[in-house]
Amino acid sequence: MKRTHPFLVGILLLALLAGCVPVQPPRAPIEPQAGHWGTWVLSSSAELRPAAPPDAATSAQELAELQTMMAANDDATKAQVLYWNAGAPTYRWLELALDRFAKGPPSPRVARGLALLNVAIYDAIVATWEAKYTYNRPRPQGITPLIEMPASPSYPSEHAAAAGAAAAVLSYLFPDEADFFAAQAQAAGQSRLYAGVHYPSDVDAGLALGAGVGAKVLEWAQSDGTNAEWDGVIPTGPDKWIGQNPVTPLAGTWKTWAIAAANDFLPPPPPAIDSEQMQAELAELKGVERTLPIMMGAWIWHSFDRAYPWWYRHISTRLFEQDRTANIPQATLMYTAMAVTQYDTIVACFNGKYTYWMIRPPQLDPEVVNLFPIPNHPSYPAAHSCGSMASAMVISEFFPEDVEMIQAAGHEAGLSRIWAGIHYPSDVAAGEALGKGVAAAVLARTREMTGSIQ
C-alpha cells in the first residue's frame, strides 16, 4: 500500500485546521464615552466641534492621495511615524517641555507650564473624542498601515489635535522656539498620514481643533495672576526667613485648576522657635549622620529630574509595560491629573510659605550645616514634601499595585530635605499632609469629570 508523504499529511492537516481557527473578534472601540468627559477650559466637549468630514467622493480622492504618499515612504518618514507613535500623544510633547524646563531650577512656574500643557492636550483629546463618535468616520480602508489601525473613528486626528494644542502652549511658554513647535505639530500630524491611519482632512481638522483649545488655555493663563507685581515687603522677626528676592512670593495667590482656594489647605502655624518641639527638631537635624547613601539621596532628590520628570516617567513606564498607550483618553487623563495636582499643590504650598515666612534651620541655628545652598524661599511647609507626596498619591490611584513603593518614594523626598539640613521635620510633615489633601481634591474632581478614575 502506497504511503502518503509526511509533508503532504501536514499540509492536509493544516488545511483542515484552517477552517477551525477562531476568527479574532473585532476590537472594542477605544473609550467611546470620553467625548462626554468634563473639560477644563472648554464650556463643553462640543464647543469647538469641527464641521462634518468630507463626503464619500472626497474621501476616495483623499484615499488615493494617501496611497501615493505611503508609496513614497522612506526611512525618514518611517522614523517619523515611530517617533510620534511612541506612547500617547502627551508623551512626546511632555518630553519637549521637560527638556526645556530642565535648563533651570524647579519652581512654581515649571508646575504652571506643565499644567497648561497637559490641560490643553486633555481638552483637545476630549473634544476630539466627542467629534469622533459624533461623525463615526471609518479609518482609511484598502491600505496596509505602518502601525496597528486604532480602534476609534478617524475624524478628527487625535495626534494632530494634541499637537495643535501643545504647540500653542509651548510657543507661549518658550516664544523664541515658536517656529520649531509649529513645525513639530505639522510633523506629528503628517506622521499619521505616513502611517496610513488618517485622511488628510482628519489631520487638518485635528490641528485646527487643537489650536482652538490652545487659544482657550492661553486666555486662562493671561488671567491666572502670574503677572501680578509683588510689593517687596519681607516681614522681619526672630522666626522670619532671611534673604532677598524670594522665589515667586505671590505664587500662593495664583488661580488654581481644581481646588477652590489655596487657603483651604493652609497648614497650622509652624512650631515656635523657642518651643521644646523646635529644640528637638534642631537636635534631630544636627544629629543626622551624613553617610554616603544619605548624601547621595539628598542630592538625587534635589535634582530637577526628581522634582518633575521622574513622576511623569513612572506613568509612561507603567503605560508601556501594561500595553495601555492605545487608550489615549485614559493616558491623557493620567498625565493631566499629575500636572494639575502638582500645580495646585505648589500654589497651596507657597501660600503656606508666604503666610508664615518661616526661617530656615541654618538661619535659626548656625550649628545646622546645610549640604547645599538653601532654596531662596521660606521653610514651612517643605515644597519637596508637598509636591512629591501629591505626585505619589496620583500614581497610587492609577496604579494601585505601586502604592507602597511610590508613597515610600514621596516620603523619602521629604526626608532628603532633613538630611540636607534645609528643612525642619515639621516642614516635611506639613508638606506631606498638604500634598495628600490637594491630591485627594484633584482626584475627586477628576472622578467627577470622567465618571471613573481608571
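Helices here are DSSP runs of H or I with at least four residues, numbered from the N terminus. With that settled, here are some notes on this predicted model, offered as points to look at in turn.

1. Overall layout. The chain has 17 helices and 0 strands. Its C-alpha atoms fill a box of roughly 100 × 65 × 40 Å along the principal axes. Of the 454 residues, 55% count as buried. If you take the contacts between residues at least 6 apart in sequence, 83% of them join residues at least 24 apart.

2. The largest core. The largest nonpolar core has 117 residues, and the members touching the most other members are W40, W93, L114, W257 and W311. W40 is a nice place to start browsing: leaving aside residues up to four places away in sequence, W40 touches V119, Y122, D123, W257, A258, T336, V340, R445 and M449. Apart from this core lies another one, of 13 residues, with L282, M358, I359 and A382 among them.

3. Two cis peptide bonds. Please have a look at the bond joining Y155 and P156, which is cis, with omega about -5 degrees. P156 sits in the loop between helix 5 (108-135) and helix 6 (158-173). Y380 and P381 are also joined by a cis peptide bond, again with omega about -5 degrees. Here the proline, P381, lies in the loop between helix 14 (361-364) and helix 15 (383-398). As background, most peptide bonds are trans.

4. Positive phi in one loop. Which residue, although not a glycine, has a positive phi of about 50 degrees? That is N245, found in the loop between helix 8 (200-222) and helix 9 (276-286). T248 is also a residue other than glycine with a positive phi, in this case near 35 degrees, and T248 too is placed in the loop between helix 8 and helix 9. Most residues other than glycine have a negative phi.

5. Buried or exposed? The surroundings of N245 and T248 deserve a separate word. N245 has a relative accessible area of 65%, so N245 is exposed. For T248 the relative accessible area is 15%; because the cut-off for buried is under 20%, T248 counts as buried.

6. A helix pair. Helix 10 (residues 292-302) packs against helix 16 (residues 403-419) at an angle of about 110 degrees, and their axes are 8 Å apart. That angle makes helix 10 roughly perpendicular to helix 16, because angles of 65 to 115 degrees fall in that class. The crossing of the two helices is left-handed. On the helix 10 side the contact is made by I294, G297, A298, W301 and H302, and on the helix 16 side by A409, E412, A413, S416, R417 and W419. Sorted by class, this contact of helix 10 with helix 16 has 6 nonpolar, 3 polar and 2 charged residues.

7. S388. Where does S388 lie? The place of S388 is in helix 15. S388 is buried, since its relative accessible area is 5%. Not counting residues up to four places away in sequence, S388 touches W311, G410 and A413. This links to earlier points: W311 is one of the core residues touching the most other members, and A413 belongs to the helix 16 side of the contact with helix 10. As for distance, S388 and Y199 are 189 residues apart in sequence, and their C-alpha atoms are 42 Å apart in space.

Technical notes
Residues numbered from 1 in each chain as written. Predicted model: local features only at pLDDT ≥ 70, side-chain atom pairs only at ≥ 80, totals over all residues. Heavy atoms only, no water. Core = buried A, V, L, I, M, F, W, Y, C linked by side-chain atoms within 4.5 Å. Buried < 20%, exposed > 50% of the residue type's maximum accessible area, 1.4 Å probe, protein only. Contact = heavy atoms within 4.5 Å. Axes fitted to C-alpha atoms, helices over the stretch in contact; angles between N-to-C directions. Parallel < 35°, antiparallel > 145°, perpendicular 65-115°, else oblique. Left-handed = near helix turned anticlockwise from the far one by under 90°. Nonpolar A, V, L, I, M, F, W, Y, C, P; charged D, E, K, R; others polar.
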